[in-house]
Amino acid sequence: MIRTKTLRALVKRNSNGKKVLLFIIATNIIYALMLTFTIPMVINLSNGMKILDMMPSGYSVEYVNALLQALGTEGRNAYLFKQLPLDMVYPGLFAITYCLLMGYLLDKLGKLEGPLFYFCWIPLFSGLFDYVENVGIITILSSYPNVSVFVIKATSVFSVLKSSFTTGYFIIVLIITVKFAWTKLSAKNEF
C-alpha cells in the first residue's frame with residue numbers, strides 16, 4: 001500500500017497545470033465515449049433499464065435479475081465486452097487525474113503540506129471501489145443465470161461506495177476551487 005509521504009511526493013512532482021489538464025482531457029474522453037456510445041447501447045439492449053454502473057444508490061437482487069434477463073445474450077455480451085473494457089480504463093484515469101487536480105489546487109493555496117492533503121486520497125478510493133464494482137459486474141454477467149446473491153449485494157455496496165466517494169470528492173473540489181478563485185480575486189483587488 002502506498003504511504004501518504006510517497007503519495008505526497010508523487011503528487012508534488014506531477015501536479016503541474018499541463019499534466020493535470022492532459023489527464024483531465026484523457027479521462028473525460030473515455031467518460032464521453034462511455035456516455036455517448038457504450039452505455040446507451042447497453043441501455044437500449046436492456047429496453048431502457050439502467051445499467052448497474054449508473055445506479056449510485058445501489059440495486060436489489062430482483063433488479064439485477066430483471067436487468068440480466070432484459071439484456072439477453074446480446075446485451076450481456078455488449079455490457080461485458082464493450083462497456084466494461086472502457087470502464088476498466090476509466091477508474092485508473094479518474095483516480096490519477098483527480099488526485100493530481102486536488103494536489104494542484106492545494107499547492108496553489110499553499111496547503112499541499114498540511115492535513116488537507118488527505119483529500120487527495122478520495123479519488124484513489126473512488127477508483128478502487130469502481131474497479132471492485134467492475135469485477136463484481138463481470139462476475140455477475142459471466143455467471144448468469146447462476147448469479148450469487150452475495151456477489152450482487154457486495155457489488156451494490158461497492159457501487160454505493162464509489163458514488164459516495166466520487167460525490168464527496170467533487171463537493172470538496174468545488175469548495176477548494178471557490179476558495180482558490182476567491183484568493184486570486186482578492187489578490188488582484190489589492191493592487
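Student: A crossing is left-handed if the near helix is turned anticlockwise from the far one by less than a right angle, and right-handed if clockwise. Is the way helix 3 passes helix 4 left-handed or right-handed?

Tutor: Helix 3 passes helix 4 in a left-handed crossing. Helices here are DSSP runs of H or I with at least four residues, numbered from the N terminus. This is a predicted model, where local features need pLDDT of at least 70 and side-chain atom pairs count only at pLDDT 80 or more, while totals for chains, interfaces and linings use all residues. Residues are numbered from 1 along each chain as its sequence is written, and side-chain values use heavy atoms, with hydrogens and water left out.

Student: Cool! At what angle do the axes of helix 3 and helix 4 cross?

Tutor: Roughly 160°, and the axes of helix 3 and helix 4 (residues 121-143) come within 9 Å. That makes the two roughly antiparallel, a label for angles over 145 degrees (under 35 is roughly parallel, 65 to 115 roughly perpendicular, the rest oblique). Axes are lines fitted to C-alpha atoms, for helices over the stretch in contact, and angles run from 0 to 180 degrees between N-to-C directions.

Student: And how do helix 2 and helix 3 cross?

Tutor: Their axes come within 8 Å and cross at roughly 160°, so helix 2 and helix 3 are roughly antiparallel. Helix 2 passes helix 3 in a left-handed crossing.

Student: New topic: how many salt bridges are there?

Tutor: Two, counting a side-chain nitrogen of Lys or Arg within 4 Å of a carboxyl oxygen of Asp or Glu. In one of them, lysine 162 meets glutamate 133 at 3.0 Å, N to O. Lysine 162 sits in helix 5 (residues 149-189) and glutamate 133 in helix 4, so the pair ties together parts 29 residues apart in sequence.

Student: Are lysine 162 and glutamate 133 buried or exposed?

Tutor: Both are buried, meaning under 20% relative accessible area (exposed is over 50%, partly exposed in between; 1.4 Å probe, protein chains only).

Student: Which side chains meet in a salt bridge at 2.3 Å?

Tutor: Glutamate 113 and lysine 12. Lysine 12 is partly exposed at 48% relative accessibility.

Student: What about aspartate 53, where is it found?

Tutor: In the loop between helix 2 (17-45) and helix 3 (61-108). Aspartate 53 is buried yet has no salt bridge, and the nearest side chain of opposite charge, lysine 162, is 5.3 Å away. Lys and Arg count as positive, Asp and Glu as negative, with His and the chain ends not counted.

Student: Which residues does aspartate 53 touch?

Tutor: Among them are Tyr79, Glu133 and Lys162, leaving out residues up to four places away in sequence. Contact means heavy atoms within 4.5 Å.
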